[in-house]
Amino acid sequence: MITVHVLNGPNLNLLGRREPQVYGHMTLAEIERMVRERATGMGVAVTFRQSNHEGQLVDWIQEAGAQGAGIVINAGAYTHTSIALRDAIAGSGAPTVEVHLSNVHARETFRHRSLIAPVSLGVICGFGPMSYLLGLEAIHRALAERSPQDTPSKH
Ligand code: DQA
């Protein structure tokens, strides 16, 4: 079964009350519910986690790689600063899609650079909670292409 780890970085536990004009009103628990519902429909197993700690995220990326799972990651501010997360993604070999709620390119210039984008399959940003669903769709397709036996047959 295709497994996807959805990893969330710092301050995303505050979603719903954190700068709602930028990040909207949905809580992370509500996003998790939405992602799980979609994943169930796709036949994808999901692990959904959040941490404010860089090293914890490194451990989870390594875990996903060891399990042969894919990753959808909103690394929050670590996106723009963390060589450790970049190295973890590259080193774990886990196919990864980077997602953001906001359009980081329409914001401050320090958000325009992502250290994890070069080691990710692609980046989805600016669609609010839907960025997670698009990320799930993207990683599902990428993983299904890698292991066609996991793809439901099309009769
Ligand atoms: C974010 C964008 C980042 O720049 C910011 O630091 C976040 C959230 C987003 O989802 O839009 O914490 O990743």
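Let me start in helix α5, where Arg141 and Glu137 both lie, 4 residues apart, which is about one turn of the helix. Before I go on, please keep in mind that what we are looking at is a predicted model. Arg141 and Glu137 form a salt bridge, and the closest N and O atoms of the two are 2.8 Å apart. As for how they sit relative to the surface, Arg141 is exposed, because its relative accessible area is 55%, while Glu137 has a value of 27% and is therefore partly exposed.

Staying with helix α5, which covers residues 130–146, we also find Leu134 there. Together with Phe127 and Met130, Leu134 forms a nonpolar patch on the surface, and the accessible area of the three adds up to about 280 Å². Leu134 itself is partly exposed, since its relative accessible area is 34%.

Now, how many salt bridges does the count come to? The count comes to 5, and I would like to take you through some others besides the one in α5.

One of them joins the side chains of Glu32 and Arg36, with a distance of 3.0 Å from N to O. Both belong to helix α2, which spans residues 28–42, and because they are 4 residues apart there, about one helical turn separates them. Glu32 is partly exposed at a relative accessible area of 23%, and Arg36 also counts as partly exposed, at 34%.

Another salt bridge is the one between the side chains of Glu63 and Arg49, at 3.2 Å from N to O. Here the partners come from separate elements, Glu63 from helix α3 and Arg49 from strand β2 (residues 45–50), so the pair ties together parts that are 14 residues apart in sequence. Glu63 has 28% relative accessibility and so counts as partly exposed, and Arg49, with a relative accessible area of 22%, is partly exposed as well. There is also a network of salt bridges, in which Arg107, Glu108 and Arg111 are linked.

Let us turn to the packing of helices. In general, two packed helices are described by the angle between their axes and by the distance between those axes. In our model, helix α3 (residues 54–67) packs with helix α4 (residues 83–92) at an angle of about 10°, and their axes are 9 Å apart. Are these two helices roughly parallel or roughly antiparallel to each other? Angles under 35 degrees count as roughly parallel, and α3 and α4 are therefore roughly parallel to each other. Looking at which residues meet, α3 contributes Glu54, Leu57, Val58, Ile61, Gln62 and Gly65, and from α4 come Ala84, Leu85, Ala88, Ile89 and Ser92.

Finally, let me point you to Val6, whose place is in strand β1, residues 3–8. Is Val6 buried or exposed? Its relative accessibility is 2%, and so Val6 counts as buried. If we leave aside the neighbours within four places in sequence, the residues in contact with Val6 are Val35, Val46, Thr47, Phe48, Arg49, Val72 and Tyr132. You will recognise Arg49 in that list as the salt-bridge partner of Glu63. It may also help you to find your way from Val6 to Ile31, which is 25 residues away in sequence and 11 Å away in space, C-alpha to C-alpha.

Methods: Residues numbered from 1 in each chain as written. Predicted model: local features only at pLDDT ≥ 70, side-chain atom pairs only at ≥ 80, totals over all residues. Heavy atoms only, no water. Patch = residues over 30% accessible without salt bridge, like charges linked within 9 Å, V, L, I, M, F, W, Y side chains within 5 Å. Areas by Shrake-Rupley, 256 points an atom, 1.4 Å probe, with all protein chains shown as cover. Salt bridge = Lys/Arg side-chain N within 4 Å of Asp/Glu carboxyl O. Buried < 20%, exposed > 50% of the residue type's maximum accessible area, 1.4 Å probe, protein only. Axes fitted to C-alpha atoms, helices over the stretch in contact; angles between N-to-C directions. Parallel < 35°, antiparallel > 145°, perpendicular 65-115°, else oblique. Contact = heavy atoms within 4.5 Å.
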